[in-house]
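Please work through the following exercises with the sequence and the model side by side, trying each task before reading its solution.

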Amino acid sequence: LLGFLPTKIILRSNLSERLAVCGGVFGEIPVDDVIIYVMRYQLSTDWSIDVPEDYQWRKEDDHVIFWRKGATILTTIFAYSGEKNRQILLANLKARAEAEKLEVITDLEGDLERFGYFKAEDIQPGHTRLALHAFTTAPFGCLQTSFYLDDSDGLREHLEIWQTVAYQQGE
């Protein structure tokens, strides 16, 4: 299941303003801001994400992959049965990041708990990319969103994309 909702406009400004605009509250657009068009992708009955419209996408097996020059976003949905299994998943992820001495980022928003870690990955000799492996966990499932960036200057934009991940438990 991969659906699309109408295009939305977000401003390249601070995160709270961008999220307010994503929610449908449009304010005055300052002249010096850049307008970015995004699409809400419904990845499953439970999970969705906003991705800028300049990304192309494809579905491969259980993954939805978004890409543009210099950046790739890989999404994978996992299900588990309850809070105990979520805590086990998070504990395993945190232990892995600690063992590899990776920089981590965490966030708690209502029922969603986000955990991610940064890793430099060698693609070929002389070429390294930054990877952010981001996990958004809900009471009965997880959306893993891995961001692969050729240039770390795009990190802020991709952290903001991660913040748009939404969970609405299906019926």
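Three exercises with worked solutions follow.

This is a predicted model, in which local features need pLDDT of at least 70 and side-chain atom pairs count only at pLDDT 80 or more, while totals for chains, interfaces and linings use all residues. Residues are numbered from 1 along each chain as its sequence is written, and side-chain values use heavy atoms, with hydrogens and water left out.

**Exercise 1.** Determine which residues of helix α3 are buried.

Solution. Begin with the cut-offs: buried means under 20% relative accessible area, exposed over 50%, and partly exposed in between, with a 1.4 Å probe and protein chains only. Helices are DSSP runs of H or I with at least four residues, strands are runs of E with at least two, and both are numbered from the N terminus. The buried residues of α3 are then Leu155, Glu157, His158, Glu160, Ile161, Trp162 and Gln163. Because seven of the nine residues in α3 (155-163) are buried, the helix is largely enclosed by the rest of the structure.

**Exercise 2.** Describe the surroundings of Gln144, which lies in strand β11 (residues 141-149).

Solution. Gln144 has a relative accessible area of 18% and is therefore buried. Leaving aside residues up to four places away in sequence, Gln144 touches, among others, Leu74, Phe78 and His133, where contact means heavy atoms within 4.5 Å. Its side chain also forms a polar contact of 3.2 Å with that of Ser146; such a contact is a pair of N or O atoms within 3.5 Å, and within protein one must be able to donate a hydrogen and the other to accept it, with residues adjacent in sequence counting only if both atoms are side-chain atoms.

**Exercise 3.** Is Asp61 buried or exposed?

Solution. Asp61 is placed in the loop between β5 (56-60) and β6 (63-68), and its relative accessible area of 70% makes it exposed. Its phi is near 50°, a positive value in a residue other than glycine.
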